[in-house]
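Student: I have a model open and would like to go through it with you. Can we take the sheet and then the charged pairs?

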Amino acid sequence: MATPMISITFVRHGESTDNLRSVWAGWEDAPLSNHGMNQARAVGQSLSSTPFTAIHASDLKRAFTTAQAIYDAQPAPKPAFDSSPLLREQHFGVAEGKPWALHTEPGLSLEEHYARGIYPVLFNRAEAFPGGESLDDLAKRAEEAVGRLVMPHVWEAARKGKRGVHVALVSHGLCISELIAALMRKNAGGGGSADKYKGLLNTAWTRVAIDVQGVKEGEPLEFPDDDPPPLTIKVTDINRHEHIDNIVRQGGGIGRQAYDPKQADIRAFFGGAAVGEHSASNARDETVTPDETK
């Protein structure tokens, strides 16, 4: 298989302390839990043999710290490393930090739910909590992020006739599903919806290969900014998480709380999955040591 001109690896952040609570955690800036730090170090080591050209991260602590672990494990010369609010998770407005609910209460309007401190999942892509973003809003931000953070790498590689460029984007479950969908819509053969790229475990990664049609290695391609060549884009890996399969949750440190199996739906949701589609494979990520529950 030929080396693609450019590969984009999307990495979800490690477990945060908010991931251990049943709350809406969008722009809430919680740090990684102790378990999340172990996950971050593991993904960094697992990707250490993949030399990145650049690492772009959400500026929220849980993603930035994960990206830092990936950067630290990179060989010299180190890649460029920066952060951007464009890669933040969906913003949940008044629901930020508030208890999460899967279903609405019969007979109550959404406004009545909010008045009672109940913030249920909104299943319509156009719906948003007051002051927050809808999934459609997140999709627009993802389009902007792809335009600003991904496409410049693509066009630069094409103009230099260069292959093997590799960029990492460290973000959040819901945002990543929209980022991949936004990128796939640029494929000359058609793209897909965000539903195809959902359900990332903490620090799991998905990879996309991009080729610019007409480019030959070592032969720069000239084209005007307003008339770029077509792209061939393919998702090559989804939800890769071998690096965390054997990590056991340890007692002590930030986030000592035991994992609650009842949180399966919310953890799947924030991984970008539709609720009710939680995978049993998450159990490998949520092993609790016997003494932790004491």
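Student: How many bridges join strand 1 to strand 7, and do they run parallel or antiparallel?

Tutor: This is a predicted model, so the reply concerns computed values. Strands of a sheet pair through backbone hydrogen bonds, either parallel or antiparallel. Strand 1 covers residues 6-12, and one of its residues, F10, has T206 in strand 7 as bridge partner. Strand 1 and strand 7 run antiparallel, and the number of bridges joining them is 6.

Student: In what order do the strands of the open sheet stand?

Tutor: The open sheet is formed by 6 strands, and their pairing is mixed. Neighbouring strands of this sheet are turned by 15° against each other on average, direction ignored. The order is 3-2-6-1-7-8.

Student: Which strands stand at the edges of that sheet?

Tutor: An edge strand here has a single partner strand, so one side of it is left without a neighbour in the sheet. That applies to residues 80-84 and to residues 231-240. The edge strands are strand 3 and strand 8.

Student: Helix 2 packs on the sheet; what angle does its direction make with that of strand 2?

Tutor: Helix 2 spans residues 61-72 and touches strand 1, strand 2, strand 3 and strand 6. Strand 2 comprises residues 54-58. The angle between the direction of helix 2 and that of strand 2 is about 160°.

Student: How many helices and strands does the protein have?

Tutor: From the N terminus on, the elements run β-α-β-α-β-β-α-β-α-β-α-β-β-α. Counting along that string gives the totals: 6 helices and 8 strands.

Student: What share of the residues counts as buried?

Tutor: A residue counts as buried when its relative accessible area is under 20%. The protein has 294 residues, and it exposes about 12,900 Å², of which carbon and sulfur atoms supply 51%. The buried share of the residues is 52%.

Student: Now the charges. Why are R148 and E144 separated by about one helical turn?

Tutor: Side chains of opposite charge can pair when their charged atoms come close. R148 and E144 meet in a salt bridge at 2.9 Å, N to O. R148 counts as exposed at 57% relative accessibility, while E144 counts as partly exposed at 34%. The two are about one helical turn apart because both lie in helix 4 (residues 135-160), with a spacing of 4 residues.

Student: How far apart in sequence are the parts that D211 and R163 tie together?

Tutor: D211 forms a salt bridge with R163, with the closest N and O atoms 2.5 Å apart. D211 lies in strand 7 (residues 205-212), whereas R163 lies in the loop between helix 4 and strand 6, so the pair ties together separate parts of the chain. D211 is partly exposed at 23% relative accessibility, and R163 is partly exposed with a relative accessible area of 23%. The separation in sequence is 48 residues.

Student: Is D237, which forms a salt bridge with R240, buried or exposed?

Tutor: The closest N and O atoms of D237 and R240 are 2.6 Å apart. R240 counts as partly exposed at 29% relative accessibility. D237 has a relative accessible area of 16%, and the cut-off is under 20%, so D237 is buried.

Student: Which residues are joined into one network by salt bridges that share partners?

Tutor: The structure holds 13 salt bridges. Some of them share partners, and the network they form joins R125, D136 and E178.

Note on methods: Residues are numbered from 1 along each chain as its sequence is written. This is a predicted model: local features need pLDDT of at least 70, side-chain atom pairs count only at pLDDT 80 or more; totals for chains, interfaces and linings use all residues. Side-chain values use heavy atoms; hydrogens and water are left out. Buried means under 20% relative accessible area, exposed over 50%, partly exposed in between (1.4 Å probe, protein chains only). Accessible areas come from the Shrake-Rupley method with a 1.4 Å probe; for residues, only the protein chains shown count as cover. A salt bridge is a side-chain nitrogen of Lys or Arg within 4 Å of a carboxyl oxygen of Asp or Glu. Two strands pair if DSSP finds at least two bridges between them. Axes are lines fitted to C-alpha atoms, for helices over the stretch in contact, and angles run from 0 to 180 degrees between N-to-C directions. Contact means heavy atoms within 4.5 Å.
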